[in-house]
Amino acid sequence: MKIDQTYTKTQLTWLMILRIFIGWHFLFEGIVKVTNPSWTAKAYLLDSHGFASSFFVGLTQNDSVLNFVNFANEWALVLIGLGLICGCFYRLSSFGGVVLLLMYTLSHPSFVGATYSMPFEGSYLWIDKNLIECAGICLLWVFPTSEILGFDRWLGRVCPFLRKIKFI
């Protein structure tokens, strides 16, 4: 079966808008955390439920580990957001976004009847905003919009080996 792989400018424009919107969400969440010196993931991790909760709660038991988790979460959000918005190291940013969102989902799965002490938007019977955003990033992964509008277009010309190793 042959599939036509030509897309209209409107389709590509909306894919780029989706990329920028998801990138903005990541960037904003990261900046909020980086600029708040008292922010910590401790309460969120301690509130974890599900089969992986012991792992997430365990991350809070050592201050050095928790400090690393805080730093990694803050800056991963910022860098993923910038990567998606700018179309720079797009595949790496997409992969990082998927990993981070899946970690959030494993920590706070959306089960019917699950109650969390932190504000939660409700139970959606398995599918929540993190999984929806993760699906959006996976969709974007297969449409390399950074090659149309983004720094990856330039990087691919300057460093063609990055394209060969699927880094961009």
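**Second largest pocket**

I began with the second largest pocket of this predicted model, and listed its lining: Ala 76, Leu 79, Ile 80, Leu 82, Gly 83, Cys 88, Phe 89, Leu 92, Ser 93, Gly 96 and Val 99. Helix H4 (63–86) and H5 are the elements that give two or more residues to this lining. H4 has the largest share, 5 residues. Helices here are DSSP runs of H or I with at least four residues, numbered from the N terminus.

I noted a pocket as an open set of points on a 1 Å grid over the protein atoms alone, where a 1.4 Å probe fits, with protein on both sides within 12 Å along at least five of seven lines; lining residues have an atom within 4 Å of a point. The space in this one is about 200 Å³, a volume being the space filled by probe spheres set on points joined across faces, edges and corners.

By class, I found 8 nonpolar, 3 polar and no charged residues in the lining. Ala, Val, Leu, Ile, Met, Phe, Trp, Tyr, Cys and Pro count as nonpolar, Asp, Glu, Lys and Arg as charged, and the others, Gly among them, as polar.

**Thr 105**

Next I stayed with H5 (residues 90–107), where Thr 105 lies. Thr 105 counts as buried because its relative accessibility is 13%; buried means under 20% relative accessible area, exposed over 50%, and partly exposed in between, with a 1.4 Å probe and protein chains only. Leaving out residues up to four places away in sequence, I found that Thr 105 touches Asp 128, Asn 130 and Leu 131, with contact meaning heavy atoms within 4.5 Å.

**Two residues of H1**

I then looked up Thr 13 and found it in helix H1. Thr 13 is partly exposed, at 36%. Its C-alpha atom is 9.5 Å from that of Leu 149, 136 residues apart along the chain.

Val 32 is also in H1 (residues 9–34), and is partly exposed at 39%. Here the C-alpha partner I noted was Val 78, 46 residues apart along the chain and 9.6 Å away.

**Helix H7**

Last came H7 (residues 151–158), whose buried residues are Asp 152, Leu 155 and Gly 156. They lie on the same side of H7 because they cover an arc of only 100° around the axis, taken from the directions from the helix axis to the C-beta atoms. On the other side of H7, I found Trp 154 and Arg 157 exposed.

**Housekeeping**

Residues are numbered from 1 along each chain as its sequence is written, and side-chain values use heavy atoms, without hydrogens and water. For this predicted model, local features need pLDDT of at least 70 and side-chain atom pairs count only at pLDDT 80 or more, while totals for chains, interfaces and linings use all residues.
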